[in-house]
Amino acid sequence: LNPDQLGGVRLDLTTKRGVGIGVDHFYTFPQGNGEAFAYARQGLSEYVLRVDHKQVLPAQSTLSVRSDIRQNNLFSLQPTTNTDISSILTRRTDHTDTTFNFSRRLLEGDFGTDNITANLLYNSTVAAGTLRTSLEYSSFGSGSSAVSTTTNQALWDRLQWTRPMGFTDLNLRVDKHFNLDEGDMTGAQFASGVERLPELSLVSTEKNLHLGFLQNFPSRFTLGWGVFNELPADTTLNRYRLEWQSNLNQLRRGSTIFTGSTAFRQTMYGDADTTAQYMYSANLTATTPLGKLTNVARYGRQGERGFTPFQFDTVYPYHTITDSVQYLTPNLRMYVTAGRDLERETWYDLTYRTFAQIGRSLSTSQSLAYDLNGHQWRDLVSQFSWYRQSQLTFNLGSRYNLHEHQLQRVSTEMEWVITPKWRMQWLGGYDGPTHQFTYNEFLVTRDLHCWDASLYYSGEQKYFYLYLRLKALNIPLPRFGIGQGGQVLDTTQGTVQ
């Protein structure tokens with residue numbers, strides 16, 4: 001209509017679903033813009049109504065609204081209406097940030113749902129400290145006209161205040177969960193999270209310890225106490241925590257550079273059994289140049305002693321050591337890696353990986369591994385890529401089973417710009433054990449200025465499709481690269497674990 005009012009009309013003529021007509025309108029006016037979309041067919045028994053709008057408001061505020069209503073869009077035997085409404089209101093100043101989110105998703109039908117979420121967040125940062133607070137409301141309802149409707153409603157109230165105090169920061173945190181269900185507290189068992197009622201902690205700022213060798217260990221200390229309640233177990237206890245974390249700055253000894261981190265945490269719980277848990281961890285990496293090679297050795301350990309009644313305090317022990325010899329140049333990268341899981345007393349695979357850039361147009365990668373526990377070779381994974389500026393890209397991948405001496409899989413992917421007007425794409429997948437192509441697809445596209453025409457052929461499903469597409473709408477082609485189950489066809493071969 002004019003530079004600020006643009007739109008398009010959609011007209012579908014189908015043999016089984018009748019005539020479909022729609023309007024897609026993009027509008028702009030002072031301080032606001034958006035899109036309005038409407039589409040209907042089969043005498044309004046199927047329709048889509050959508051509005052996306054963004055508005056700049058006074059007082060440094062912005063409002064974004066999206067509304068989407070669909071009747072029978074699921075193409076199910078039973079009529080359904082799906083309503084999706086969401087909005088975001090934000091206000092930002094030099095020291096504050098306020099955001100309000102609201103959304104409702106309503107599905108009306110025999111198996112209907114009604115989900116509502118709302119979230120109010122407020123942040124304030126001044127010289128005296130930082131305040132963050134939020135209210136999160138949720139309501140999840142399900143049911144139909146044939147059965148009673150159930151609704152699970154909850155409210156999370158969260159507050160965190162941080163005040164700098166020189167060497168340390170004082171943190172106050174309060175997290176409270178309110179179950180708003182009536183009667184027997186329906187849905188309480190589905191709530192999960194940790195309530196802090198409240199939690200106080202002193203957290204040191206990261207600072208070097210200027211005591212000789214220890215100056216290489218920037219450290220962070222935490223001393224805290226809180227009343228914690230873990231949901232849904234409803235375990236409520238006092239929790240006392242002393243924690244130290246430190247990162248190792250680069251430390252050079254000879255030609256070897258060391259980096260790493262270490263931490264420990266002592267936690268005690270105010271129960272009658274005086275339950276306590278001690279956690280420790282250490283990670284160290286040593287990098288050593290060996291002529292044209294580089295050796296990278298890594299050691300990691302994490303363990304615990306004692307017991308915790310809380311799931312969120314659970315420690316997962318590990319004790320590993322790995323070593324990798326690397327050869328790195330701009331055109332060639334090779335890695336040989338091995339290691340041992342000292343916790344489970346098993347070996348990691350001995351792996352070999354390489355990537356080579358052969359000239360300007362060809363590159364290849366190879367991955368191979370040997371199972372040191374089962375004493376057999378893993379699959380050889382190969383990938384080749386050939387490209388010629390912006391005219392041709394061709395990828396060939398394979399996976400070969402060395403143990404059974406059998407080709408497991410081959411996949412190809414090609415895009416060829418034949419002329420400025422013609423383009424061809426090809427996807428191919430071959431399964432070695434069955435000696436069959438799992439997919440073999442071709443797409444030829446002709447540029448028609450404002451339109452393009454695409455001819456699609458599937459070798460496995462034995463059919464052709466011809467698409468005429470208006471470029472301005474940028475509608476994706478619905479079939480190329482999509483398998484029979486709706487999955488995206490995977491042309492990669494994976495990597496060695």
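Select His 375 to begin: its relative accessible area is 57%, so this residue is exposed. In this predicted model, His 375 sits in the loop between β22 (362-371) and β23 (376-377). Check the backbone while you are there. The phi angle of His 375 is near 55 degrees, a positive value in a residue that is not glycine.

**A second positive phi**

Next, pick Thr 274, which you will find in the loop between β15 and β16 (276-290). What is the phi of this residue near? The value for Thr 274 is near 45 degrees, again positive in a residue other than glycine. Colour by accessibility and Thr 274 comes out as exposed, because its relative accessibility is 61%.

**Zoom out to the whole chain**

Now show the full chain as a cartoon. How many helices and strands does the protein chain have? The count is zero helices and 30 strands. Along the principal axes, the C-alpha atoms fill a box of roughly 80 × 65 × 50 Å. The radius of gyration is 31 Å, whereas a compact globule of 497 residues would have one near 23 Å.

Switch to a surface view. The protein chain exposes about 30,300 Å², and carbon and sulfur atoms supply 59% of that area. Of the 497 residues, 32% are buried. If you like contact maps, take the contacts with a separation of 6 or more: residues 24 or more positions apart account for 36% of them.

Colour by charge before moving on. The chain carries 45 positive and 46 negative charges, and the mean positions of the two sets are 9 Å apart.

**Salt bridges, one at a time**

A search of the whole structure turns up 26 salt bridges. Here are some stops among them.

Start with Arg 41 and Glu 46, whose side chains meet in a salt bridge at 2.9 Å, N to O. Are these two residues buried or exposed? Both Arg 41 and Glu 46 are buried.

Then select Asp 175 and Arg 196. Their closest N and O atoms are 2.9 Å apart, in a salt bridge. Asp 175 lies in strand β11 (residues 168-179) and Arg 196 in strand β12 (residues 193-204), so this pair ties together parts that are 21 residues apart in sequence. Asp 175 and Arg 196 are both buried as well.

For the next pair, choose Arg 265 and Asp 313, where the salt bridge has an N to O distance of 3.9 Å. Where do the two partners lie? Arg 265 is in strand β15 (residues 256-269), while Asp 313 is in the loop between β17 (293-306) and β18 (318-328). The pair links distant parts of the chain, 48 residues apart. Both Arg 265 and Asp 313 are buried.

Finally, select Glu 35, Arg 50, Asp 52, Arg 66, Asp 68 and Arg 70 together and show their side chains. Salt bridges with shared partners join these residues into one network.

**Stay with Arg 70**

Keep Arg 70 selected from that network and look around. Arg 70 belongs to strand β5 (residues 61-71), and its relative accessibility of 25% is why it counts as partly exposed. Leaving out residues up to four places away in sequence, Arg 70 touches Tyr 47, Val 48, Thr 80, Thr 81 and Asn 82. You can also draw a distance to Tyr 39, which is 31 residues from Arg 70 along the chain: the C-alpha atoms are separated by 9.5 Å.

**Over to Val 23**

Now move to Val 23, in strand β2 (residues 18-29). Val 23 is partly exposed because its relative accessibility is 43%. Which residues is Val 23 in contact with, leaving aside neighbours within four places in sequence? They are Gly 8, Ala 36, Phe 37 and Ala 38. For another distance, join the C-alpha atoms of Val 23 and Asp 52: these residues are 29 apart along the chain, and the separation is 14 Å.

**Last stop: two cis peptide bonds**

Return to strand β12, where Pro 198 lies. The peptide bond from Leu 197 to Pro 198 is cis, with omega near 0 degrees. Then go to Pro 232, in the loop between β13 (219-231) and β14 (235-253). What is omega for the bond joining Leu 231 and Pro 232? Omega is about 5 degrees there, and this peptide bond is cis.

Technical notes: Residues numbered from 1 in each chain as written. Predicted model: local features only at pLDDT ≥ 70, side-chain atom pairs only at ≥ 80, totals over all residues. Heavy atoms only, no water. Helix = DSSP H or I, 4+ residues; strand = E, 2+ residues; numbered from the N terminus. Rg over C-alpha atoms; globule rule 2.2 N^0.38 Å. Buried < 20%, exposed > 50% of the residue type's maximum accessible area, 1.4 Å probe, protein only. Contact = heavy atoms within 4.5 Å. Areas by Shrake-Rupley, 256 points an atom, 1.4 Å probe, with all protein chains shown as cover. Lys, Arg positive; Asp, Glu negative; His and termini not counted. Charge placed at Lys NZ, Arg CZ, Asp CG, Glu CD. Salt bridge = Lys/Arg side-chain N within 4 Å of Asp/Glu carboxyl O.
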